[in-house]
Amino acid sequence: MPKPLNIGMIGYGFMGRTHSNAYRKVNNFFDLGHKPVLKACCARSEDKAKAFADQWGYESIETDWRKLIERKDIDVIDIGSPNNTHFEIATAAAEAGKMILCEKPLAMNVAEAQKMVETVKKAGVPNMVWFNYRRVPAISLAKQIVDEGRIGRPFHYRATYLQDWTIAEDVPQGGAALWRLDAAVAGSGVTGDLLAHSIDTAYWLNGPITEVTAATETFVKERVHQETGKKEAVKIDDACMFLAKFANGSIGTFESTRYARGRKNYNTFELDGEAGSVFFNLEDPQLLSFFEYRNPEGQKTPSHLTGWRDIHVTNSEHPYMDKWWVPGCTIGYEHTFINALADFIGGLDKGEPVKPDFEDALYTQKVCDAVLESAKDGQWKKIG
Ligand SMILES: NC(=O)C1=CN([C@@H]2O[C@H](COP(=O)(O)OP(=O)(O)OC[C@H]3O[C@@H](n4cnc5c(N)ncnc54)[C@H](OP(=O)(O)O)[C@@H]3O)[C@@H](O)[C@H]2O)C=CC1
Ligand SMILES: O=C1CO[C@H](CO)[C@@H](O)[C@@H]1O
């Protein structure tokens with residue numbers, strides 16, 4: 001019989017839904033020693049929190065996250081609220097001895113992220129950051145292919161993360177969902193919102209970045225702010241491109257924008273090495289493209305058989321897939337959160353830490369801050 005794991009979910013928005021869905025389903029598919037119990041959902045709007053709690057089966061609501069943290073019947077604080085709330089909530093939760101699942105980006109800046117890492121370490125509380133794309137089976141398979149030595153010496157890493165939802169000049173800033181355009185709430189634009197994912201994936205697959213040089217652009221300079229009703233300067237980056245040098249000697253390009261007409265959640269990467277290459281596009285999440293030039297035993301693929309192959313990542317031998325449907329049947333976006341939660345609970349069962357944790361997310365924050373610093377003067381910045 002799994003032990004109860006009492007969840008206090010902060011936020012009923014996009015991530016409130018994906019996480020709640022994961023809590024409800026994870027034990028149906030994974031054999032785990034703990035089972036989430038939806039104890040409380042918390043947000044400032046009482047009506048919306050109540051409606052959300054009724055829809056998803058939370059036992060109670062709170063309208064102040066401090067009260068949620070004080071509660072003795074809560075084991076895990078799940079932070080699914082905007083970026084400017086993560087620091088205060090996470091440090092208070094750690095000091096109260098709660099486990100923490102925090103959304104990305106970990107913090108508004110490195111100073112906050114550093115303090116968050118120190119606080120969870122001192123408190124010794126299990127923690128994880130929802131960089132859910134690591135749990136796309138095709139991306140996990142890319143990691144396996146790298147670890148098996150099928151890429152060989154890496155030369156190039158190429159990441160793009162493109163969307164198009166802020167092109168219209170009359171999209172306001174501030175308020176529900178549009179807080180992403182308000183620097184005071186989001187911290188940064190595409191760098192923290194989208195490239196944080198790309199950096200985390202790159203870190204996992206290709207190791208640490210040592211130096212970056214970047215350019216950013218804000219295409220629409222002023223937008224009406226929903227809270228003041230006035231036009232205010234837009235202080236986030238609408239687009240960001242950076243060059244990176246990796247510790248393993250490879251070089252990388254990263255590009256992100258919310259102005260790529262037609263692109264909705266175009267999150268891609270390619271890693272090119274001496275022995276092979278891999279390519280992934282989140283808009284075709286069940287496919288991993290792999291080119292093999294030489295296998296890890298040193299044998300060259302016969303030239304008449306070389307070519308990019310699209311691996312349909314749905315076999316039970318593929319990462320996570322034995323937990324889902326029969327071979328050939330796909331899974332999608334929501335499952336990445338369920339897979340991530342299963343990893344977290346699996347770690348808890350074994351008493352082992354699970355990645356990516358606050359420390360990994362601090363590293364990503366360091367890259368994001370260095371990128372934004374470099375965009376100011378165009379100079380290369382070392383990752384400290
Ligand atoms: N891993 C991933 O792929 C994704 C991660 N994210 C991250 O998740 C976080 C949330 O994003 P998203 O779900 O899209 O945001 P939404 O705007 O959809 O939802 C935010 C929620 O937070 C609540 N909230 C805001 N301020 C507070 C507060 N002070 N105390 C308690 N609740 C609060 C809001 O309710 P109310 O206003 O009533 O308080 C709302 O329910 C962000 O950090 C974002 O970067 C987002 C999308 C995907
Ligand atoms: O993965 C993601 C998809 O896009 C969202 C923005 O629209 C991001 O906030 C998020 O992290």
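Q: Ala, Val, Leu, Ile, Met, Phe, Trp, Tyr, Cys and Pro count as nonpolar, Asp, Glu, Lys and Arg as charged, and the others, Gly among them, as polar. How do the residues of the shell around ligand 1 divide?
A: This is a predicted model, in which local features need pLDDT (the predictor's confidence in each residue, from 0 to 100) of at least 70, side-chain atom pairs count only at pLDDT 80 or more, and totals for chains, interfaces and linings use all residues. Residues are numbered from 1 along each chain as its sequence is written, while chains are lettered from A and ligands numbered from 1 in the order in which they are written. A residue belongs to the surroundings of a ligand if its C-beta atom, placed from the backbone, lies within 6 Å of it, and the shell around ligand 1 divides into five charged, nine polar and eleven nonpolar residues.

Q: Which helix gives the largest share of the shell around ligand 1?
A: Helices are DSSP runs (H or I) of at least four residues, numbered from the N terminus. Among the 25 residues around ligand 1, those that come nearest are Gly-11, Gly-13, Arg-44, Ser-45 and Glu-103. The largest share, three residues, comes from the helix spanning residues 14–29, which is α1.

Q: Which residues surround ligand 2?
A: The shell around ligand 2 holds no nonpolar residues, but three polar and one charged. Its members are Gln-163, Asp-193, His-197 and Asn-265.

Q: Which residues does Ala-142 touch, not counting residues up to four places away in sequence?
A: Contact is counted if two C-beta atoms, placed from the backbone, lie within 7 Å. By that count, Ala-142 touches Leu-205, Val-278, Phe-280 and Leu-288.

Note on methods: Helices (H or I, at least four residues) and strands (E, at least two) are DSSP runs, numbered from the N terminus.
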